[in-house]
Amino acid sequence: MIRRDYLIIGSGIAGASACEGIRRHDKRGTVTLIGAEAFPPYKRWILSKSFLREKNPQLKKLQEPDERWYRAHKVETRFGTVVTQFNIDRRLAVLANGESIEFTKACLAMGSRPVRPPVAGVGLGNVIYLRTLRDALALKEMADLEKSLMVVGGGLLACEAAASLRMMKLKVGLMHRDPYLLNRYLDAETGAWLTDYFGKHGVAMSMGEGLNGFEGKTILRNIQTKSGNRYPVGLAVVACGAEPNLDLVRNTPLAGPHGSPVTDYLETEEKGIYAVGDLAFYPDRVMGGVRRQTHWENARKQGLIAGANMTGKKRIRYEQVPYFWTEMFDLRMDFVGDFSVLPTRVDLQGTHAKKKFVARYYQGEKLRGILLCDQPPREVESAKTQLRHALGK
């Protein structure tokens, strides 16, 4: 039987940061990091941006932290390894090779997986779900051969991928069931401007088109819409959302309908077991309510805090203004606050046409979110402070 003081399951940025958080406060405890991917933890957010566009990307530059860090800090790593069973009562994890690890404390950081739309042909060749480094490498290789492709979806990942592929001079279409891009976050006027911006950059926009299925025998040949249209493309990038990877703890208190419920300290109701990143359904002490975030900044900070809390030498609450950002073509957009509900009022400073603006989103008289386009980092930090003051935090 292998025994460890700390077991981290999931080798994304949240899991890697949990190891870092532990080692800041406990230099001696035994730590094992297990990840299903064969690669060490890397900057996943880059995959849809610069990594796609680079002709010969350096894989080592993606690592976060550098692989040598684990050796230097005596963190055992097991990449390309799957945990098949997780026993809460016995504090035991069983690996696919039959080995068992008995742990004192554990952190769940399995991240999320792409949602596969409930239509025919989702498993055809040349239908790519951009989530892992392997997916990105496959997409780069296929894009060299096909030259014409369709991105399905209208969220952050879909927009970033479509922009990057278009910047590579490919013939790119973008199909989205809603009338404008980023409709989960943007007001209608800003969303319409962004959609038009993609069109002006040569992306063939198919808005308000519901996906009916992918057609082909073994390889994709057509994409069919619910209205009966057919798009003859040989490559599709599907980005229709993500869902938390909770199969390992399904039907336990560690899995809920919206993620893994945790306290302010990122601990589940099972003492000594924590959940971070895309899994954590946490109380939002700034905006109110309970929230699950699926962005790199959030995963990084949660991992560090959970790791520190696991050692018992720190007791840190997770208390952050929700924040994420995106890059598309020459646009940089920062989202500060809560964009889960569309605003009742928008206060716009600057103009969409000049691609430089700040939009404040209100619910009634309450400021809930600040969207910044092409603003310096100091303005983003200022927006976080403004929002805290507006909420009396």
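A residue is called buried when its relative accessible area is under 20%. That cut-off is needed throughout this account of a predicted model. Cys107 offers a first example: its relative accessibility is 0%, so Cys107 counts as buried.

The overall form of the protein comes next. The chain is folded into nine helices and 25 strands. Its radius of gyration is 22 Å, close to the 21 Å that the globule rule gives for 393 residues, and the protein is therefore as compact as a globular protein of that length. Along the principal axes, the C-alpha trace spans about 60 × 55 × 40 Å. Of the 393 residues, 54% are buried. The accessible surface comes to about 17,900 Å², and carbon and sulfur atoms account for 48% of it. The contacts also show how the chain is brought together: among those between residues at least 6 apart in sequence, 60% join residues at least 24 apart.

What lies in the interior may be considered next. In soluble globular proteins, nonpolar side chains tend to be buried together. In this model, the largest nonpolar core has 49 residues, and Leu165 and Phe198 are those with the most contacts inside it. Helix α6, residues 156-167, supplies the largest share of this core, namely seven residues. Which residues does Leu165 touch, if those up to four places away in sequence are not counted? They are Leu52, Leu139, Ala143, Leu149, Val151, Leu170, Val172 and Val237. Another core, of 48 residues, lies apart from the largest one, and among its members are Phe79, Cys107, Val262 and Val276.

The presence of Cys107 in that second core leads to the cysteines. A disulfide is a covalent bond between the sulfur atoms of two cysteines. How many disulfides does a search of the whole structure find? The search finds zero. For Cys107, the nearest cysteine sulfur is that of Cys19, 8.5 Å away. A pair of cysteine sulfur atoms must lie within 2.5 Å to count as a disulfide, so Cys107 is in none. Cys159 is likewise in no disulfide, and the nearest cysteine sulfur to it, that of Cys240, is 12 Å away. Cys159 is buried, because its relative accessible area is 0%.

The strands can be followed in two places. The first is an open sheet of three strands, in the order β12-β13-β14, with antiparallel pairing. Strands β12 (211-215) and β14 (230-231) stand at the edges, and each has a single partner strand, so one side of each is left without a neighbour in the sheet. Between β12 and β13, the latter formed by residues 222-225, there are four bridges in the antiparallel sense. Within this pairing, Leu211 stands opposite Thr225 of β13.

The second place is centred on strand β22, residues 331-337. Is β22 mostly covered or mostly uncovered? This strand is mostly covered, for six of its seven residues are buried. Strand β21, residues 323-328, runs antiparallel to β22 and is joined to it by six bridges. In this pair, Trp325 stands opposite Asp334 of β22. The two strands form a hairpin with two residues between them, and Phe329 in the turn has a positive phi of about 55°. Strand β22 also pairs with β25, residues 366-373, in the antiparallel sense over five bridges. There, Met333 stands opposite Cys373 of β25.

Note on methods: Residues numbered from 1 in each chain as written. Predicted model: local features only at pLDDT ≥ 70, side-chain atom pairs only at ≥ 80, totals over all residues. Heavy atoms only, no water. Buried < 20%, exposed > 50% of the residue type's maximum accessible area, 1.4 Å probe, protein only. Pairing = 2+ DSSP bridges. Rg over C-alpha atoms; globule rule 2.2 N^0.38 Å. Contact = heavy atoms within 4.5 Å. Areas by Shrake-Rupley, 256 points an atom, 1.4 Å probe, with all protein chains shown as cover. Core = buried A, V, L, I, M, F, W, Y, C linked by side-chain atoms within 4.5 Å.
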